[in-house]
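Reader: I am in my first year and would like to learn how the words used for a protein model are justified. Could you take me through this one slowly?

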Amino acid sequence: MSASTSEQSSLLEPNEQGLRTTAANTFRSVERKSGIRAAIFFLECILVLAAYTYGVFAYGQGATNHAQLILMTAYGFIYFLRLNLMSLWLLKRELAVEELTLVILIWIPAILSSFVFSLNETNSKLVLVLSLAIYLFGSFLNTYSELERKWWKSKPENQGRCYMDGLFSWSRNINYFGDTLLFAGWALATASWINAWVPVVMGSSFIWFHIPDKETYLAKRYRADWTTYTQNTPYAFAPYIY
């Protein structure tokens, strides 16, 4: 989700013997048994999005550029639509308590509050177009990579195997990199240098916390494939960089 949670979207699959892996002692391994948490998450997203949308138009520091305000609002709608696509359809695992509390009620609102209260007007078409391009590319990397993996995992012959193709052949965590890019584009649309903290902190949290945690799990979950994957795709986050 990112912030993501999206970020934490390793799908629970049965192994070759139909048993749960012993490496699955994490939230990533908790199989979804009902839609209650996803429904709660959906309602939380509506509340956060409504507050953000109101804030953009009510508290932006004198920003009157309609194109900029519409873009900021559209970014919110697209992002929360993607989050719920993830939680309701792409994820097979249960949503973690952390995702229902710290992520959606504290982390995401903190980012959006920063965007709202430091929003400066810009009439630069270049800034807005560049912002849109970065946001859309980041959203594509995150969402399409997850779709590719889901389609591949849906085939019986791929059960219990590690997905190593498509966008995930660019980076082992291309979805995390996509999240960081989309928030960089979103921050750029605020025309405030203060919001540079968002992609910096988000990218750092992925690199230093989420990726090591996730890859420790995956290395055990997919023992047969993991060494080959890391050799063929040496980049953990940003393609050709890290």
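**Reasoning from values to words**

Author: Let us begin with one residue: Arg161 has a relative accessibility of 34%, and it therefore counts as partly exposed. Please keep in mind throughout that this is a predicted model.

Reader: Why is Arg161 called partly exposed?

Author: The word buried is kept for values under 20% and the word exposed for values over 50%, with partly exposed in between. Arg161 stands at 34%, so the middle term is the one that applies.

Reader: What makes Arg161 and Asp225 a salt bridge?

Author: The rule asks for a side-chain nitrogen of Lys or Arg within 4 Å of a carboxyl oxygen of Asp or Glu. Between the side chains of Arg161 and Asp225 the distance from N to O is 2.8 Å, so the pair meets the rule. Arg161 belongs to the loop between α4 (125-153) and α5, while Asp225 belongs to helix α7 (residues 223-232), and so the bridge ties together parts that are 64 residues apart in sequence.

Reader: Is Asp225 buried or exposed, and how do you know?

Author: Its relative accessible area is 6%, and because buried means under 20%, Asp225 counts as buried.

Reader: Which other pairs are joined in this way, given that the count comes to 5 salt bridges?

Author: One of them joins Asp179 to Arg82, whose closest N and O atoms are 2.7 Å apart. This pair links distant parts of the chain, since Asp179 sits in helix α5 (residues 174-189) and Arg82 in helix α2 (residues 66-90), 97 residues apart. Both Asp179 and Arg82 are buried. Another salt bridge is formed by Glu215 and Arg172, with 2.8 Å between the closest N and O atoms. Here Glu215 lies in helix α6 (residues 197-221) and Arg172 in the loop between α4 and α5, so parts that are 43 residues apart in sequence are tied together.

Reader: Why are Glu215 and Arg172 called buried?

Author: Glu215 has 13% relative accessibility, which gives it the name buried, and Arg172, at 10%, is given that name too. The limit for the word is 20%, and a value has to be under it.

Reader: What makes you say that the buried residues of α7 lie on the same side?

Author: The buried residues in α7 are Asp225, Trp226 and Tyr229. They cover an arc of only 110° around the axis, which puts them on the same side of the helix. On the other side of α7, Arg223, Ala224 and Gln231 are exposed. As for what the buried residues of α7 pack against, that is α6.

Reader: How many residues does the largest nonpolar core have, and where do they come from?

Author: This core has 57 residues, and those with the most contacts inside it are Tyr79, Phe80, Phe115, Phe183 and Trp186. At least two residues of the core are supplied by each of α1 (36-59), α2, α3 (97-117), α4, α5, α6 and α7, with the largest share, 9 residues, coming from α2. To follow one member, Phe115 touches Phe183 and Trp186, among others, when residues up to four places away in sequence are not counted.

Reader: Where is Trp89, and why is it called partly exposed?

Author: Trp89 is in helix α2. At 41% relative accessibility, this residue falls between 20% and 50%, so partly exposed is the right term. Trp89 also belongs to a nonpolar patch on the surface, in which Phe42, Leu85 and Trp170 are included, with about 1100 Å² of accessible area together. The largest share of this patch, 4 residues, comes from α4.

Reader: What is the place of Ser113, and what makes it partly exposed?

Author: Ser113 is found in helix α3. Its relative accessibility is 33%, which again lies between the limits of 20% and 50%, and therefore Ser113 counts as partly exposed. The C-alpha atoms of Ser113 and Tyr52 are separated by 7.4 Å, although these residues are 61 residues apart along the chain.

Reader: How many helices and strands does the chain have?

Author: There are 7 helices and 0 strands. Of the 242 residues in the chain, 53% are buried.

Conventions: Residues numbered from 1 in each chain as written. Predicted model: local features only at pLDDT ≥ 70, side-chain atom pairs only at ≥ 80, totals over all residues. Heavy atoms only, no water. Buried < 20%, exposed > 50% of the residue type's maximum accessible area, 1.4 Å probe, protein only. Core = buried A, V, L, I, M, F, W, Y, C linked by side-chain atoms within 4.5 Å. Contact = heavy atoms within 4.5 Å. Arc of directions from axis to C-beta. Patch = residues over 30% accessible without salt bridge, like charges linked within 9 Å, V, L, I, M, F, W, Y side chains within 5 Å. Areas by Shrake-Rupley, 256 points an atom, 1.4 Å probe, with all protein chains shown as cover.
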